[in-house]
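Please take me through this model in the viewer, one selection at a time. For each stop, say what to select and what is there.

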Amino acid sequence: MHSMTHKTDWGVVVGRATGILVLVAGILLAAGLCTASQRSDNPVPNIFDPRSTPAESIRDHSYFVLAITSLIFLVVVTLLVYAVVKFRDKPLTAGREPAQVYGSTQIELAWTIIPVLIVFVLFLATARVIHAIEDARKPATAVEVTAIGHQFWWEYRYPALGVVTANELHVPVSDPAHPTPTFLKLLSADTDHSFWVPQLAGKTDLIPNRVNHTWIDPHQTGVYVGQCAQYCGTQHGKMLLRVSVDSPEEFAAWVQAQKQPANHDDKANAGRRVFETTACINCHAVGGTNGTGRFGPDLTHLMSRNTIAAGAALNTDENLRLWIQNPDAIKPGSLMPAMKLSDADLDALVRYLETLR
Amino acid sequence: MSAITTPFPETPATWKLPYRGKVGMACLIIAESAIFTIFVVAYLYYAGKSLTGPAPREVLETPIFFTVCLLSSSLTIHLASKLLERGRRGAFLALWFLTIVLGALFMYGTAREWHRLIYEHGLTISTNLFGTTYYSLVGLHATHVTVGLLMLTIVLLFGLAGRVVREQSARIDVLSMYWHFVDAVWVVVFTVVYVLGR
Amino acid sequence: MSSDAMAIHQGTDVGSRPWVETLHGWVTTVDHKRLGILYILYALLFLAVAGSEAMIIRIQLMYPHNSFVSPQVFNRIFTMHGTTMVFFVGIPVLFGLANYLVPLMIGARDMAFPRLNAFSFWLTALGGFLLYFSFLGGSGLYGAGNAPDVGWWAYAPLTSRAFSPGHSSDYWTISLLVAGFGSIGTAVNIIATILCMRCPGMKLSRLPLLAWLNLVVSGMVLIAITPLSAAQIMLCVDRYLGGHFFDTQAGGSATLWMHFFWIFGHPEVYILILPAFAVLSEVIPVFSRKPMFGYPVMVGATIAIGFISMSVWAHHMFSMGMSSYGNAFFVLTTMAIAVPTGIKIFNWLGTMWGGRIIFKTPMLFCIGFLFNFLIAGLTGIMLGSAAFNWQLTGSYFVVAHFHYTLSGSFLFGIFAAFYYWYPKIIGRMLSERLGKLHFWLFFIGFHLCFDLMHIPGLLGMARRIYTYEPGRGWDTLNLLVSIGAFIQGIATLIFVANLIISYFKGTKAGNDPWDAWTLEWSVSSPPPAYNFAVTPTVASRRPLWDLKHPEDPDSRYE
């Protein structure tokens with residue numbers, strides 16, 4: 001066999017260093033991002049910046065797991081680097097076979113028993129957190145929401161409060177002294193989806209013909225973002241989540257506004273006629289009209305939302321117009337059909353929709 | 001140009017390894033068992049969960065006679081293969097033929113039952129969960145019986161042409177392993193469908 | 001062979017045979033070595049295809065709201081990328097290596113069932129071509145459909161007629177069903193070969209570790225691929241016969257598909273990684289100049305992995321709403337499998353310890369494997385911890401994890417195998433210079449790509465999304481990840497160039513270029529069609545060590 005030159009020895013060390021540097025850089029980058037912004041609109045859904053009990057429990061648990069895995073990493077990598085450096089082929093030993101060792105029962109036992117203990121500890125720690133989150137009992141003060149996943153939007157119903165809305169979830173902030181968590185029942189109207197707002201909780205799937213549950217009790221007001229986390233079809237990528245954690249007063253005001261019947265503005269009669277006499281009503285509902293469709297989002301209080309198309313676009317005049325006329329320009333593959341309205345009808349319709357506050 | 005001999009104390013007197021036909025068939029049986037297990041799991045999972053349509057206890061009749069036919073065919077094939085080992089080719093052929101007849105009777109029974117279920121009770125594979133799981137599970141088994149019957153018939157034809165001899169009894173054994181497997185699966189399917197699932 | 005007779009008739013120069021004859025020879029071959037090469041070439045072809053699909057994905061994700069491809073095309077591409085890599089790169093390459101090496105390593109003439117061997121290969125090949133024909137034929141009568149776009153897990157009810165019109169899902173289902181039968185055939189063959197065709201003296205306790213690992217892999221294939229076949233038959237019943245196995249409208253269960261799929265899916269990933277373990281277990285001892293540390297423990301750990309891997313499947317389903325007891329059970333089994341896996345890593349370290357490590361390219365890839373697989377295993381522990389999993393699953397964190405196990409470990413093992421056995425198969429050495437360039441470039445590209453990929457996952461980036469929102473902290477990271485992917489692509493091209501150049505210009509290898517100890521190194525490179533002129537008899541795990549060191553044979557210590 002050929003003996004080795006020094007160049008390759010250094011090569012290994014350099015390679016090792018590069019790999020570790022990249023890893024460290026990545027960790028630092030992540031750490032930098034972990035010091036999340038203090039703005040109330042939380043744009044970065046960082047799992048290490050939780051604002052709600054389940055997400056916080058997961059974060060604390062993850063630190064424990066990371067500590068153990070980092071320790072294991074350091075130990076094994078040190079041994080690997082040491083072995084590679086210490087036992088490399090040197091000119092002095094070239095051609096001579098080293099001692100042919102076949103094994104060692106004690107060492108095998110050691111590196112079996114220690115991992116078994118680590119496994120046991122990790123299992124117990126995890127089981128505890130699973131139980132704390134999954135088996136949490138729903139207090140009487142909880143807000144109940146039924147979330148129904150659709151291709152490619154979210155339907156929210158508050159059965160006790162008589163509210164039906166879509167895509168933007170409003171929940172009250174939960175004071176640890178008098179908790180008012182939100183418990184969600186998760187259903188699906190078509191394929192599998194998954195509700196994931198990282199700063200509020202771990203994800204739970206919405207599966208047709210199955211009832212799942214999750215809960216959040218956010219401690220800080222603000223808007224939190226997330227998105228569908230189970231591939232559900234063409235526009236899975238733009239089935240975004242937006243949760244507005246409101247102060248108790250804001251939440252009460254929002255509920256009140258949502259419970260109002262649809263705003264009836266006579267100046268928008270032409271538009272309402274367009275809505276009621278075209279295919280819109282097959283899919284959409286607006287209180288007080290003959291539109292009772294449930295395939296698409298309820299539009300009764302459309303203008304109370306910041307975005308349309310499950311977060312794919314801001315709720316502006318142009319976007320509304322574009323969405324109705326050519327949805328593929330915003331969300332190609334969504335199940336909203338291009339309505340093919342005349343310009344006049346489109347104008348009237350949009351003006352009508354903009355009265356639905 | 002590659003002879004390797006190593007100097008070592010003892011030479012193995014005999015180096016006897018299993019017959020590869022048997023090992024291969026055993027592996028196939030393991031794989032097929034896994035497939036059947038999944039269908040059985042689906043059947044049991046969906047038992048009682050149909051939203052509409054006929055339920056098992058309303059429409060199923062326990063096929064005792066045809067089950068006896070199939071299970072006896074295991075006995076006849078076992079005897080047949082033992083006879084071939086002893087060189088009794090005529091008796092082997094007779095019992096082999098009897099095995100095929102019994103298997104064919106079982107298939108006839110299945111066909112008769114399906115005809116009754118479809119035309120008298122309106123139960124098809126698309127009727128409800130029971131229909132889907134029943135026809136899939138029993139149908140998968142019936143397919144395996146059919147393939148088995150095909151292979152048995154081919155051997156029968158070779159046998160009638162005088163080409164099946166004592167030296168081939170190992171191969172006949174492999175085929176009868178498959179047939180025993182098919183019968184064993186029927187015991188499971190029968191228990192699941194006609195006893196537990198009702 | 002008729003072609004040999006013809007050659008003698010025309011003249012003894014085999015090279016002047018008409019190309020049609022050569023092609024015919026390859027297409028009708030039942031020789032395990034040729035079938036092994038066919039499997040490997042097939043896998044390389046699809047590696048290029050699936051790698052290009054990966055590049056398309058990464059180009060689309062370089063910038064938020066990019067429009068390099070439409071969402072429809074993106075969804076087909078990521079589905080095909082995953083399906084191709086698992087079924088038409090991973091499985092063929094592992095069966096190719098097993099086919100080529102196992103008979104040689106056990107002193108046999110060929111596999112137990114040579115014709116079944118050929119049949120299984122062509123079934124797998126057909127499956128791959130059928131899957132790719134979907135690009136042309138997927139539209140069916142309604143003009144809908146194309147290549148499958150349901151993800152490589154094809155979750156129900158997305159695959160039902162209602163949500164997948166046309167034939168795209170049928171191409172997924174049937175091509176994999178066909179390929180699956182091919183895999184089962186090869187697994188049967190490998191088991192029968194190892195149990196029934198070993199040369200005299202080769203008791204199971206003297207079987208090379210590559211053979212042991214392939215024995216366990218084949219056993220796993222028998223009971224892991226078949227659940228997928230069963231589920232696919234059920235899906236066909238649903239789609240074509242109006243069945244309701246996964247029809248949630250009729251009371252069917254979407255989670256039943258999940259269970260069946262992952263009962264296949266999890267053992268499948270161990271089926272993929274165990275052959276890489278096999279390569280390490282052959283290469284590391286030779287390049288550390290020591291026997292494998294703890295051979296019996298390695299065998300035991302392998303069998304343990306085989307068994308335990310059948311019990312962990314629902315860790316892919318932690319977010320689907322199982323009870324806390326169900327989740328806890330699968331946490332326990334998932335953590336448990338870390339024990340035998342860790343034992344293997346320690347044993348490889350133990351083999352290197354006190355040895356004389358030679359840094360040729362095969363060993364570099366093995367060391368890279370150890371580093372990468374350690375990290376992959378640790379992120380696996382994070383994912384196995386169900387609560388942590390609820391944040392990590394369905395995100396780019398898990399995508400990074402499984403690419404660490406596949407690109408960073410499986411592929412590293414396969415590269416090591418190539419550099420180690422190419423001389424045996426072809427008769428020429430691969431270029432060390434190009435090999436080291438390939439290794440370093442790939443290592444750097446891999447880490448740039450997949451280390452950073454963990455972070456968007458931690459910051460909430462879901463997987464299988466054709467684009468993403470700007471301002472969530474994912475933008476720069478995705479760009480860097482794409483650059484890393486590109487670098488890996490270049491490194492792979494260098495590898496392919498090495499394969500081709502060395503075929504013509506590589507130094508002649510001779511029987512035993514690495515001074516190794518298993519039986520395949522006792523025959524010429526490439527081996528003769530009959531493998532061994534005289535069936536060898538062995539007395540230890542390292543028959544060639546005994547031959548080279550008659551004063552200190554292994555047989556004295558085993």
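A residue is called buried when its relative accessible area is under 20%, exposed when that area is over 50%, and partly exposed in between. The model on screen is predicted, and the tour goes through it chain by chain.

**Stop 1: chain A**

Select chain A. By the cut-off just given, 52% of its 357 residues count as buried. Colour the chain by secondary structure to find eight helices and 13 strands. Of the contacts in chain A with a sequence separation of 6 or more, 63% are accounted for by residues 24 or more positions apart. With the surface switched on, chain A exposes about 16200 Å², and carbon and sulfur atoms supply 63% of that area.

**Stop 2: A:Ser62**

Centre on A:Ser62, which lies in helix H2 (residues 53-86) of chain A. Is this residue buried or exposed? A:Ser62 has a relative accessibility of 1%, so it counts as buried. Now show what surrounds it: leaving aside neighbours within four places in sequence, A:Ser62 is in contact with A:Phe48 and C:Phe388. The second of these partners belongs to chain C. For a distance along the chain, add A:Asn42, which is 20 residues from A:Ser62 in sequence; their C-alpha atoms are separated by 21 Å.

**Stop 3: backbone details in chain A**

Move to A:Gln151 and A:Phe152 and display the backbone. The two are joined by a cis peptide bond, with omega at about 5 degrees. A:Phe152 sits in the loop between strand E2 (143-150) and strand E3 (153-158) of chain A.

Next select A:Lys340, in the loop between helix H7 (317-325) and helix H8 (343-353) of chain A. A:Lys340 is not a glycine, yet its phi is positive, at about 55 degrees. Its relative accessible area is 71%, so A:Lys340 is exposed.

**Stop 4: chain C**

Hide chain A for now and select chain C. Its secondary structure consists of 16 helices and zero strands. Taken along the principal axes, the C-alpha atoms of chain C fill a box of roughly 70 × 55 × 40 Å. How does the radius of gyration of chain C, at 24 Å, stand against what a compact globule would have? A compact globule of 558 residues would have a value near 24 Å, so chain C agrees with it.

Of those 558 residues, 70% count as buried. Contacts between residues at least 24 apart make up 80% of the contacts in chain C that join residues at least 6 apart in sequence. The chain exposes about 16400 Å², with 71% of this supplied by carbon and sulfur atoms. Colour by charge as well: chain C has 30 positive and 24 negative charges, and their mean positions are 4 Å apart.

**Stop 5: backbone details in chain C**

Select C:Ser525 and C:Pro526. The peptide bond from C:Ser525 to C:Pro526 is cis, with omega near -5 degrees. C:Pro526 is found in the loop between helix H15 (475-505) and helix H16 (543-548) of chain C.

Then go to C:His65, in the loop between helix H3 (32-60) and helix H4 (71-105) of chain C. The phi of C:His65 is positive, near 55 degrees, in a residue other than glycine. With 41% relative accessibility, C:His65 counts as partly exposed.

**Stop 6: chain B**

Select chain B. It has six helices and zero strands. Its radius of gyration is 22 Å, well over the 16 Å that the globule rule gives for 198 residues, so chain B is more spread out than a compact globule. The C-alpha trace spans about 75 × 40 × 30 Å along its principal axes. Buried residues make up 49% of the chain.

Switch the colouring to pLDDT. The mean for chain B is 93, and 93% of its residues reach 70 or more. Over residues 1-9 of chain B, however, the pLDDT is below 50, and in the model this stretch has 22 contacts beyond near neighbours in sequence. Where pLDDT is low, the predicted coordinates should not be read in detail.

**Stop 7: all chains together**

Show every chain again. Two pairs of chains are in contact, and chains A and C share the most contacts. Chain A and chain B do not touch, and their nearest C-alpha atoms are 12 Å apart.

Notes. Residues numbered from 1 in each chain as written. Chains lettered and ligands numbered in written order. Predicted model: local features only at pLDDT ≥ 70, side-chain atom pairs only at ≥ 80, totals over all residues. Heavy atoms only, no water. Helix = DSSP H or I, 4+ residues; strand = E, 2+ residues; numbered from the N terminus. Rg over C-alpha atoms; globule rule 2.2 N^0.38 Å. Buried < 20%, exposed > 50% of the residue type's maximum accessible area, 1.4 Å probe, protein only. Contact = heavy atoms within 4.5 Å. pLDDT = per-residue confidence, 0-100. Areas by Shrake-Rupley, 256 points an atom, 1.4 Å probe, with all protein chains shown as cover. Lys, Arg positive; Asp, Glu negative; His and termini not counted. Charge placed at Lys NZ, Arg CZ, Asp CG, Glu CD.
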